[in-house]
Amino acid sequence: MFGSKREDPERMALLSGATYTPAQSISHERKAFLAGVDGIESGNTRLKQSKNQLYQSEAIGHDILSDLQNQREIIGRGREMFAEQEDLHGNIDGKLQSMGFNQTLNKYMCWIIVFLLVAIATISVVLALTLD
């Protein structure tokens with residue numbers, strides 16, 4: 001008890017010259033006890049509120065992560081489809097180039113055939129005239 005800085009009702013009564021009754025001590029202790037209980041209850045209420053906020057935040061975070069995962073899957077599928085389309089585009093480009101080359105080759109072959117037919121016709125007319 002000596003050197004204690006807490007306010008003891010018995011000590012205060014002695015120093016002030018007032019008379020001390022045990023009922024005052026019990027009343028003081030009861031008030032202190034009730035104040036402590038009130039503090040614990042308010043702390044418990046704040047803890048419950050914090051816990052509810054934590055659960056809500058966790059649910060929101062879970063929803064956000066789920067949405068991000070779905071977006072990642074959609075982007076992955078889009079990349080795969082883009083790669084497939086790029087491959088198809090490359091194949092189509094190759095086919096179009098070969099078709100263009102074949103078209104040019106066929107055009108030259110037609111001109112050569114027309115030239116040969118004209119040459120054969122001319123030769124046969126010249127031969128027919130010279131033989132008559």
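1. Start with the charges: E80, E84, E86 and D87 come together as a negative patch on the surface. Keep in mind while you look that this is a predicted model.

2. Take D87 from that group. D87 sits in helix α2, and its relative accessible area is 53%. Exposed means over 50%, so D87 counts as exposed.

3. Now for a patch of another kind. I60, I64, L65 and L68 make up a nonpolar patch on the surface. Together these four residues have about 400 Å² of accessible area.

4. Where is L65 placed? L65 belongs to helix α2, which covers residues 22-131. With a relative accessible area of 58%, L65 is exposed.

5. Stepping back to the whole chain, how many helices and strands are there? You'll find 2 helices and 0 strands.

6. What share of the 132 residues is buried? Just 3% of them. If you want to check that on the structure, a residue is called buried when its relative accessible area is under 20%.

7. Last, the surface overall. The chain exposes about 12400 Å², and 64% of that area comes from carbon and sulfur atoms.

Conventions
Residues numbered from 1 in each chain as written. Predicted model: local features only at pLDDT ≥ 70, side-chain atom pairs only at ≥ 80, totals over all residues. Heavy atoms only, no water. Patch = residues over 30% accessible without salt bridge, like charges linked within 9 Å, V, L, I, M, F, W, Y side chains within 5 Å. Areas by Shrake-Rupley, 256 points an atom, 1.4 Å probe, with all protein chains shown as cover. Salt bridge = Lys/Arg side-chain N within 4 Å of Asp/Glu carboxyl O. Helix = DSSP H or I, 4+ residues; strand = E, 2+ residues; numbered from the N terminus. Buried < 20%, exposed > 50% of the residue type's maximum accessible area, 1.4 Å probe, protein only. Lys, Arg positive; Asp, Glu negative; His and termini not counted. Charge placed at Lys NZ, Arg CZ, Asp CG, Glu CD.
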